[in-house]
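Colleague: Could you walk me through this model, one question at a time?

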Amino acid sequence: QVQLVESGGGLVQPGGSLRLSCVASGSTFILNPMGWYRQAPGKQRELVATITVGYSTNYVDSVKGRFTISRDNAKNTVYLQMNSLKPEDTATYYCYGWARSHYWGQGTQVTVSS
């Protein structure tokens, strides 16, 4: 079974930074694309960023200029560098991947608060 395991979440003050990591395992095929979703309490799940095997990226408008998605294909790992964090970024962040099906990780909590 394909598994995605996130790490790197935590509590950070507004304006701070965090880097999330997600390691994929169990897939015969490379995940393409990979990305990050987030979901805050009472809100719908939102696609934050995606990255293809060829390193093409897309971002939701609210994080453009602040977040950077990257991946290491050899390590089957995707990262999300989050800078200039805002309270509205508070959410559970889920790693995503596609390989003939959709896969999501269990999530890592990001809390931005003073």
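Modeller: Happy to! Helices (H or I, at least four residues) and strands (E, at least two) are DSSP runs, numbered from the N terminus, and two strands pair if DSSP finds at least two bridges between them. This is a predicted model, in which local features need pLDDT of at least 70 and side-chain atom pairs count only at pLDDT 80 or more, while totals for chains, interfaces and linings use all residues. Residues are numbered from 1 along each chain as its sequence is written, and side-chain values use heavy atoms, with hydrogens and water left out.

Colleague: Thanks! In which sense do β1 and β3 pair?

Modeller: Strand β1 covers residues 3-7 and strand β3 covers residues 18-25. Leu4 has Ala24 in β3 as its bridge partner. Over five bridges, the sense of the β1 and β3 pairing is antiparallel.

Colleague: And which residue in β8 stands opposite Cys22?

Modeller: β3 also pairs with strand β8 (residues 77-82), in the antiparallel sense and over six bridges. Opposite Cys22, in β8, stands Val78.

Colleague: Which residues does Val5 touch, leaving out its sequence neighbours up to four places away?

Modeller: Val5 lies in strand β1. Contact means heavy atoms within 4.5 Å. By that rule, Val5 touches Ser21, Cys22 and Val23.

Colleague: Now the interior: which element gives the largest share of the largest nonpolar core?

Modeller: A nonpolar core is a set of buried Ala, Val, Leu, Ile, Met, Phe, Trp, Tyr and Cys residues joined through side-chain atoms within 4.5 Å; buried means under 20% relative accessible area, exposed over 50%, and partly exposed in between, with a 1.4 Å probe and protein chains only. The largest such core has 26 residues, and Met34, Trp36, Leu80, Met82 and Tyr93 have the most contacts inside it. Two or more residues each come from β3, β4 (34-39), β5 (46-51), β7 (67-72), β8, β9 (91-98) and β11 (108-112). The largest share, four residues, comes from β3.

Colleague: What does Leu80 touch, again without residues up to four places away?

Modeller: Leu80 is one of the core residues with the most contacts inside the core. Its contacts are Leu18, Arg19, Leu20, Trp36, Val48, Ala49, Phe67, Thr68, Ile69 and Tyr93.

Colleague: On to the loops. Why does Tyr55 count as partly exposed?

Modeller: Tyr55 is found in the loop between β5 and β6 (57-59). Although not a glycine, Tyr55 has a positive phi of about 75°. Tyr55 counts as partly exposed because its relative accessibility is 48%.

Colleague: What is the phi of Ser84?

Modeller: Ser84 lies in the loop between β8 and β9, and counts as partly exposed at 39% relative accessibility. Ser84 is not a glycine, yet its phi is positive, at about 50°.

Colleague: Is Thr28 buried or exposed?

Modeller: Thr28 is found in the loop between β3 and β4. Its relative accessibility is 73%, so Thr28 counts as exposed.

Colleague: Is the peptide bond from Asn32 to Pro33 cis or trans?

Modeller: Pro33 is found in the loop between β3 and β4. With omega near 0°, the peptide bond from Asn32 to Pro33 is cis.

Colleague: Lovely. How far apart in space are the C-alpha atoms of Thr28 and Phe67?

Modeller: Along the sequence, Thr28 and Phe67 are 39 residues apart. From C-alpha to C-alpha, the separation of Thr28 and Phe67 is 29 Å.
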